[in-house]
Amino acid sequence: MAAALSFPFYFLLFLCSVLLPSHEAAFLPELPNLATISFEEGYTQLFGDSNLMLHGDGRTVHLSLDQRTGAGFASQDLYLHGFFSASIKLPSDYAAGVVVAFYMSNGDVFEKTHDELDFEFLGNIRGREWRVQTNVYGNGSTAIGREERYDLWFDPTEDYHQYSILWSHERIIFYIDGIPIREAVRTREMSGQFPSKPMNLYATIWDGSIWATSGGRYKVNYKYAPYIAEFADLVLHGCSVDPTDDTPVCQGNDARVYDSIRMSPDQQATMSKYRVKHMTYSYCHDRVRYSTPPAECTLGHETKSFLPSGEAKFNYRRHRGKRYGHSSSLNSADL
Ligand SMILES: *[C@@H]1O[C@H](CO)[C@@H](O)[C@H](O)[C@H]1NC(C)=O
């Protein structure tokens, strides 16, 4: 009897510990069955043979980069909308030129009209932080990159942190540890460039020597290899669709849930706070690339905080060393 009673309790505790690594994660959308899965349940290896290793009953994946190869995995299914998440721990120490990516794409299926949603982590030289970049491509619009870059309020190499993407018919929200950091809404202006075709989820590590760190100035140094990125708490909560279906739709309860997700005023305030403090680059402010900003950009008063290159001015003033302490459990008030 005790066991029967305690099961749901421990299960709840387990869910909380998996889904709510900190109290901030209360911001994550309330989705039914937001369970984590094992690698075998949802993924398949893409490349890198033994540089992909499973740990912890197949629920943690290590991807490593050495002189020979990087590594990557992909979801077995294609998804049209959903919530996609992983807790990621990045390689520590010297990581210039190393790129870790957690992203959705359909570039294999739609070569000319692909869609893509990215979290990209760009390694750095010792003593400087990893940077995070998000990007949105829609319908093959690779000529129009929608990159934003940020720094983090924690050391992403010291512990796992949760990176998530919500994608519905209406909107895309990127989250870090449950805190929304970017939202893209389907607007008439963006129209065809809002990602709208089924995508796979991917995770990779690779050598980005030619561009990743200071425009290619610092290359991957294999003296420090292997570089290991760890992925856990894998969540694939989406409308999986048949790749041969010409007009797939995401219907039913899950679709209604995805479409009903809106940020609360609190979430919006937290997102703004994060962006003011931590966004180091935005395509919307990049007058070198876009003399006229893409239509969805609403510029407002924040423009004065950015240089014409799209870089945030504070990024130049700021002391460039490590700014975070050793605590990885700051709450959103400390962002
Ligand atoms: C996507 O691009 C293709 C080819 O350029 C075009 O025919 C199609 O109408 C576009 N789709 C949307 C939704 O705009």
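The points below comment on a predicted model, taking confidence, the sheet, the ligand shell and some backbone details in turn.

1. On confidence, the protein chain has a mean pLDDT of 86, and 85% of its residues reach 70 or more. Residues 1-25 fall below 50, and this stretch has 20 contacts in the model beyond near neighbours in sequence. Residues 319-330 likewise have a pLDDT below 50, with 14 contacts beyond near neighbours in sequence. Where pLDDT is low, the predicted coordinates should not be read in detail, and I would ask that the contacts of residues 1-25 and of residues 319-330 be read with that in mind.

2. Nine strands make up an open sheet with antiparallel pairing, and their order is β1-β4-β13-β6-β7-β8-β9-β15-β16. The edges are taken by β1 (43-47) and β16 (309-311), and because each has a single partner strand, one side of each is left without a neighbour in the sheet. From one strand to the next the twist averages 20°.

3. At the β1 edge, the partner is strand β4 (residues 71-75), to which β1 is joined in the antiparallel sense over four bridges. Within this part of the sheet, Tyr43 stands opposite Ser75 in β4.

4. Towards the other edge, strand β15 (residues 279-286) is largely enclosed by the rest of the structure, since six of its eight residues are buried. On one side it pairs with strand β9 (residues 148-150) in the antiparallel sense over three bridges, and Tyr150 is placed opposite Met279 in β15. The pairing of β15 with β16 is also antiparallel and comprises two bridges, with Tyr281 standing opposite Glu311 in β16.

5. The ligand is surrounded by Thr113, Asn139, Gly140, Gly192 and Ser196. When this shell is divided by residue class, it holds five polar residues, no nonpolar ones and no charged ones; a reader should bear in mind that Gly is counted among the polar residues here.

6. Ile125 belongs to the loop between β7 (116-122) and β8 (131-137). It counts as partly exposed because it has 14 C-beta neighbours inside 10 Å, whereas 20 or more would be needed for a buried residue. Apart from neighbours within four places in sequence, Ile125 is in contact with Tyr94, Ala96, Thr213 and Tyr218. The C-alpha atom of Ile125 is also separated by 9.8 Å from that of Ser214, a residue 89 places away along the chain.

7. Some backbone geometry merits a check, given that most residues other than glycine have a negative phi, and most peptide bonds are trans. The peptide bond from Ala225 to Pro226 is cis, with omega near 0°, and Pro226 is located in the loop between β13 (200-207) and β14 (227-241).

8. Two aspartates have a positive phi. Asp177 has a value of about 50° although it is not a glycine, and its position is in the loop between β11 (171-176) and β12 (179-185). Asp177 is buried, because 27 other C-beta atoms lie within 10 Å. For Asp233, phi is near 50°, again a positive value in a residue other than glycine, but this residue is in strand β14. Asp233 counts as partly exposed, because it has 19 C-beta neighbours inside 10 Å where the buried class begins at 20.

How values were computed:
Residues are numbered from 1 along each chain as its sequence is written. This is a predicted model: local features need pLDDT of at least 70, side-chain atom pairs count only at pLDDT 80 or more; totals for chains, interfaces and linings use all residues. A residue is near a molecule or strand if its C-beta atom, placed from the backbone, lies within 6 Å of it. Two strands pair if DSSP finds at least two bridges between them. Axes are lines fitted to C-alpha atoms, for helices over the stretch in contact, and angles run from 0 to 180 degrees between N-to-C directions. A residue is buried if 20 or more other C-beta atoms lie within 10 Å of its own, exposed if 12 or fewer, and partly exposed in between; C-beta atoms are placed from the backbone. Two residues are in contact if their C-beta atoms, placed from the backbone, lie within 7 Å. pLDDT is the predictor's confidence in each residue, from 0 to 100.
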